[in-house]
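Please find below some remarks on the model under discussion, arranged as numbered points. They move from the chain as a whole to its sheet and then to one helix.

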Amino acid sequence: MRVTGAWLSHPGTRAVCDALTGAGHQALFVGGCVRDALLGRVVGDIDIATDATPDQVIAAARASGLKAVPTGIDHGTVTLVAEGLGHEVTTFRHDVDTDGRHATVAFSTDVAEDAARRDFTMNALYARPDGTLVDPLGGLADLKARHLRFVGDPDQRIAEDYLRILRYFRFYAWYGDPDRGMDADALSAIAAGAEGLEQLSRERIGREVIKLLRAPDPAPAVAAMRQTGVLGHVLPGADDRALAVLVHLEGDLPADPLRRLAILGGVDVADHLRLSRAEAKQLDLLRDGIGDMRGAGELGYRYGVATGRDILLLRAALFETPLDPQAMVDLEKGAKAQFPVTAKDLMPAYQGAALGAKLSELETKWIASGFALTRRDLCGNDTAPGDG
C-alpha cells in the first residue's frame with residue numbers, strides 16, 4: 001500500500017529526503033502526516049524518522065545546501081528547512097528511562113524499536129519517500145477501523161508520560177469511531193493512572209484540553225473523561241452534561257474551545273489550563289453572560305454578533321431549548337445599533353459623575369426601546385434643530 005498526496009512531491013520535502021538517502025540513511029515519514037494522508041485529510045506538519053544520528057542529519061543537510069536547526073537535538077530532533085518548508089527529522093529512538101513527564105532516550109537504527117515507543121498504533125505508521133507504507137505494529141488496521149489503541153501495554157505507555165491520557169481522549173475525538181466506542185484496556189489503564197496527571201504542568205494540560213475541544217464533537221470523549229475521573233483532575237468542578245447539547249446547537253459553526261469551556265464550568269479554569277489573559281477575559285465574559293438578564297439585542301450591542309450568539313447558544317444548551325430565531329434577529333439589530341447621544345449633547349447641564357450617570361440612564365432607556373428612540377426623543381429640547 002502507498003501513501004499519496006501532493007505533499008509528497010513538494011520540492012522541499014523531496015530535497016530533504018534526497019539529502020538523507022543520498023548520504024546512505026533512511027528517511028521515513030512518520031506519524032500525523034502518514035495517518036492524515038491515509039485518511040484523505042489535509043497534511044500539516046511533516047515529520048521524518050531516520051537511522052541517522054543528529055550529527056549525521058546536520059552533515060547531510062549541509063552537504064546538500066539545506067538549513068539545519070537543532071530544535072530538539074537532545075531528543076534527536078533536527079529541523080531541516082528546504083524551499084521555505086520545515087521538516088522535523090528525528091533519529092530512531094528507544095526509551096531508557098521515564099518518569100511520567102519526560103523520557104531519557106537512546107538512539108537506534110531499528111524502526112521497530114522506534115515504533116514500539118510511540119503512543120498509539122495509528123501514530124506508528126511510516127512511509128518511504130516513494131509513499132510505500134511501513135507498518136511495524138499493524139497500525140493500519142486500527143486506523144481503518146478508527147480504533148484508537150495504545151502501543152503495547154497501556155499501563156506502561158501511560159506511566160511513561162501521563163499526558164498520553166489526555167492525548168488519548170483528544171485523538172479519540174478526532175479519529176475514533178463513536179459507534180465502536182473506546183478501547184476497554186485503554187480506559188482501564190487511564191482510570192488507574194489518572195492521578196498521575198497531577199505531575200504535569202498546567203501548560204501541557206491546557207494545550208491538550210484546547211485541542212480536544214476543537215474537535216468536531218468532543219462530547220463523548222469528555223464524558224469518558226468524567227467517567228474515568230480525568231475531568232475532575234484537569235477541570236475541578238466541571239460538568240459536561242450540557243456539552244453534547246451545545247455541540248448539537250452549534251450546527252455548522254466553527255468549533256470554539258472557549259465557548260465549550262464555558263458550558264463545562266469548573267473552578268479557576270483559566271488558572272488550571274494556563275489560559276492567556278485574552279482567553280481568560282473572553283471565558284469570563286461568556287460565563288457571566290449565561291446568567292445575566294440582558295436580552296439578545298443588548299448582547300449584540302454590547303459584545304457584537306459572535307460573542308452575543310455564543311452567549312445565546314450557551315443559555316439554550318443549559319436549558320436544552322432550541323435557539324430562538326427572533327433572538328438572532330434582535331442580536332444582529334443590536335450589533336448594528338449606534339447610541340445616538342454623546343456627552344456633548346448633555347453638556348453643560350451635566351458634568352462629571354452626573355454626566356456619566358445620565359448617559360447610562362439614557363442608554364438603558366434607548367436599549368429598552370429596541371434602539372428606536374432618537375436623540376431628540378432622549379434629549380428633548382436640548383437636541384439641536386434637524387437632529388434625530
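1. The radius of gyration is taken here over C-alpha atoms, and the globule rule is 2.2 Å times the number of residues to the power 0.38. For a compact globule of 388 residues this comes to a value near 21 Å, whereas the chain has 28 Å. The model is a predicted one. Along the principal axes, its C-alpha atoms occupy a box of roughly 90 × 50 × 35 Å.

2. Secondary structure in the chain amounts to 20 helices and nine strands. Among contacts with a separation of 6 or more, 61% link residues that are 24 or more positions apart.

3. Burial and surface may be taken together. Of the 388 residues, 48% count as buried. The chain has an accessible surface of about 18400 Å², and carbon and sulfur atoms contribute 50% of that area.

4. As to charge, there are 55 negative and 43 positive side chains. The centres of these two sets lie 4 Å apart.

5. Seven strands make up an open sheet with mixed pairing, in the order β3-β4-β5-β2-β1-β8-β9. Its edge strands are β3 (67–72) and β9 (133–134), each of which pairs on one side only. In general, strands of a sheet pair through backbone hydrogen bonds, in either the parallel or the antiparallel sense.

6. Both senses can be followed at β5. Strand β2 (residues 46–50) pairs in parallel with β5 (residues 85–91) over five bridges, and Ala 49 has Thr 90 of β5 as its bridge partner. Strand β4 (residues 77–82), by contrast, runs antiparallel to β5, with six bridges between the two; here Leu 80 stands opposite His 87.

7. The connection between β4 and β5 is a hairpin with two residues between the strands. In its turn, Glu 83 has a positive phi of about 55 degrees.

8. Towards the other edge of the sheet, β8 (residues 126–127) and β9 are antiparallel and share two bridges. Ala 127 faces Leu 133 of β9 in this pairing.

9. Which residues of helix α13 are buried? The helix covers residues 257–264, and eight of its eight residues are buried: Pro 257, Leu 258, Arg 259, Arg 260, Leu 261, Ala 262, Ile 263 and Leu 264. The list thus includes two arginines, Arg 259 and Arg 260.

10. The buried residues of α13 pack against several other helices, namely α9 (202–213), α10 (219–227), α12 (243–250), α14 (269–272), α15 (277–291) and α16 (296–319).

Methods
Residues are numbered from 1 along each chain as its sequence is written. This is a predicted model: local features need pLDDT of at least 70, side-chain atom pairs count only at pLDDT 80 or more; totals for chains, interfaces and linings use all residues. Side-chain values use heavy atoms; hydrogens and water are left out. Helices (H or I, at least four residues) and strands (E, at least two) are DSSP runs, numbered from the N terminus. Buried means under 20% relative accessible area, exposed over 50%, partly exposed in between (1.4 Å probe, protein chains only). Contact means heavy atoms within 4.5 Å. Accessible areas come from the Shrake-Rupley method with a 1.4 Å probe; for residues, only the protein chains shown count as cover. Lys and Arg count as positive and Asp and Glu as negative; His and the chain ends are not counted. The place of a charge is taken as NZ of Lys, CZ of Arg, CG of Asp or CD of Glu. Two strands pair if DSSP finds at least two bridges between them.
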